[in-house]
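Student: Which residues line the largest cavity? Please begin with those residues, then work through the parts of the fold that they lead to.

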Amino acid sequence: MTYAPRVPAVVYEVVVDRFRIGGNRTSAQKLGDEVYARPNMVSHHGDGDAALADSRIHHGGDLAGVTESLPHLASLGVTGLCLTSIFKATRADKDGVQDYLTLDPAFGDEDAFKNLVTAAAGHKISIILDGIFPYVGVDHPWFVSALQHTADDESRLDPRDRTRGFFYFDGGSGPDDYATYHDEQDHPELNLHSHELRRRMFTGERSVVHAWLQRGAMGWRLSRADELGYNVLREIVLNARTGGEATFVIGDVRGWADRFVKDGLLDGVANRVLREALIAWLQGQVPAAQLARILMEQVQRYGRDALNRSWTFLSSHDTKRVAAALKGDMERVRLAVSLMYALPGAATIFYGEEVGLGGRNPAHSHLPFD
């Protein structure tokens with residue numbers, strides 16, 4: 001029997017902190033909760049440009065707010081709800097994870113996630129999680145423990161504390177002696193060659209990938225999938241598929257991704273190549289014939305099945321909103337949206353774009369929905 005994952009037809013992407021606050025609470029009320037008083041947590045009660053642009057600053061959105069919005073998403077025909085990182089971290093965007101197995105308390109508790117999964121299933125919407133696996137935050141216990149020991153200490157430590165091999169060190173144990181992800185000092189790069197690390201993250205029965213699928217998630221979108229490596233991708237996908245054809249893995253690949261989908265490493269990709277071509281054509285930078293050639297080349301190189309399983313998007317958490325990319329030309333924005341639905345792949349809506357969030361030319365992409 002051929003494996004045929006049940007990928008969504010229409011995806012809605014949410015940055016949880018900037019979406020909605022559940023329970024009819026205001027931002028000021030929510031940000032007064034004790035969870036925002038944790039060390040290094042930053043919250044804001046206003047809507048100034050600095051607060052909107054800074055992905056460290058919390059505005060109070062949570063999973064209860066997402067759950068309450070499900071009828072609206074269902075009315076849009078959404079069948080897949082992709083949440084950007086929801087794992088425990090001090091930043092509002094939950095980048096630089098402290099604990100992959102714990103929902104950030106600002107978003108709710110384990111019951112909040114269960115309620116979202118159950119309610120979403122009632123609307124035939126699958127929950128998809130964003131896996132940021134190339135690095136962690138400097139306050140992750142693995143890294144804190146690694147800084148406290150040298151390589152010679154590992155054999156004497158409790159196995160749970162033998163984490164120095166999870167990172168790249170030059171030899172000492174100083175604060176500047178570790179490899180960072182894209183030169184971000186607060187993002188220690190993970191050594192994904194470590195078998196123990198991969199067991200905890202991807203392959204073990206209690207691994208991160210398994211744990212969240214068991215809690216009800218139906219899919220993963222892998223951030224910077226092209227940087228994880230073939231072996232890691234294969235382990236993630238094989239272990240995700242233990243959930244059957246209801247589960248799937250989408251990779252965020254920068255550039256052409258045919259070798260990832262044709263080798264069966266990924267079920268599909270977030271189609272950045274097509275987005276860039278669409279925006280360039282709508283900006284008048286390339287002719288229509290070139291856009292058509294790119295699309296036909298994708299059909300040939302990816303195959304129709306993989307292309308149809310991929311996500312066709314105009315905006316996302318790490319791009320400009322389409323109205324900004326097209327400098328507020330709303331006729332072109334409407335044409336872009338029509339093409340997004342007409343072209344191969346799952347049409348992917350970035351939160352709030354269906355109601356014109358941010359206006360004709362938003363300065364920032366992570367705007368509060370409410």
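**The largest cavity and the parts it leads to**

Tutor: The lining of the largest cavity consists of Glu13, Arg221, Asp252, Ala270, Arg272, Trp311, Phe313, Ser316, His317, Asp318 and Thr348. The model is predicted, and what follows is computed from its atoms. The space in this cavity comes to about 80 Å³, and the structure holds one cavity of 30 Å³ or more.

Two of the lining residues, His317 and Asp318, also appear at the largest pocket, where they are among the residues that lie nearest its centre, together with Asp93, Asp95 and Tyr135. That pocket has 24 lining residues and holds about 540 Å³ of space. Helix H2 (49–53) and strand S9 (184–188) are the elements that give two or more residues to the pocket lining.

Just before S9 there is a backbone detail. Aspartate 183 sits in the loop between strand S8 (180–181) and S9, and its phi is positive, about 65°, although aspartate 183 is not a glycine. Most residues other than glycine have a negative phi. Aspartate 183 has a relative accessible area of 71%, so it counts as exposed. Arginine 224 also has a positive phi, near 50°, and lies in the loop between strand S10 (219–222) and helix H9 (230–240). Its burial is the opposite case: arginine 224 is buried, because its relative accessible area is 18% and the limit for buried is under 20%.

S10 brings us back to the cavity, since Arg221 is in the lining and S10 spans 219–222. The strand belongs to an open sheet of eight strands, in the order S12-S11-S10-S7-S4-S1-S14-S13, with parallel pairing. Strand S12 (268–269) and S13 are the edge strands, each pairing on one side only. At the S12 edge, strand S11 (residues 248–251) pairs with S12 in the parallel sense over two bridges, and isoleucine 250 stands opposite glycine 268 in S12. On the sheet packs helix H5 (residues 110–122), which touches strand S4 (80–83) and strand S7 (126–131); the direction of H5 makes about 135° with that of S7.

One residue of H5 can be followed further. Alanine 112 lies in H5 and is buried, because its relative accessible area is 15%. Leaving aside neighbours within four places in sequence, alanine 112 is in contact with Leu63 and Phe107. The C-alpha atoms of alanine 112 and valine 66 are 9.9 Å apart, with their positions 46 residues apart along the chain.

The other edge strand, S13 (311–313), is one of the elements that the buried residues of helix H11 pack against. The others are helix H12 (288–302), helix H14 (322–325) and helix H15 (330–342). Both Trp311 and Phe313 line the cavity, as does Arg272, and Arg272 is among the buried residues of H11. Nine of the eleven residues in H11 are buried; besides Arg272 they are Val273, Leu274, Arg275, Ala277, Leu278, Ile279, Ala280 and Leu282. Following H11 comes glycine 284, with a positive phi near 80°.

How does this fit the nonpolar packing? The largest nonpolar core has 97 residues, and the members that touch the most others in it are Leu81, Leu83 and Phe133. H11 (residues 272–282) gives this core its largest share, six residues. Apart from that core lies another, of seven residues, among them Cys82, Ile250, Trp311 and Ala346. Trp311 thus belongs to this other core and also lines the cavity. Ile250, too, is a member of the seven-residue core, and is the residue seen opposite glycine 268.

Back in the largest core, leucine 81 touches Tyr12, Val14, Val66, Leu70, Leu73, Leu116, Ile125, Ser126, Ile127 and Ile128, not counting residues up to four places away in sequence. Val66 is the residue compared with alanine 112 above.

Technical notes
Residues numbered from 1 in each chain as written. Predicted model: local features only at pLDDT ≥ 70, side-chain atom pairs only at ≥ 80, totals over all residues. Heavy atoms only, no water. Core = buried A, V, L, I, M, F, W, Y, C linked by side-chain atoms within 4.5 Å. Buried < 20%, exposed > 50% of the residue type's maximum accessible area, 1.4 Å probe, protein only. Helix = DSSP H or I, 4+ residues; strand = E, 2+ residues; numbered from the N terminus. Contact = heavy atoms within 4.5 Å. Pairing = 2+ DSSP bridges. Axes fitted to C-alpha atoms, helices over the stretch in contact; angles between N-to-C directions. 1 Å grid on protein atoms, 1.4 Å probe; cavity = no way out; pocket = protein on both sides within 12 Å on 5 of 7 lines; lining within 4 Å. Points joined across faces, edges and corners; volume = space filled by probe spheres on them.
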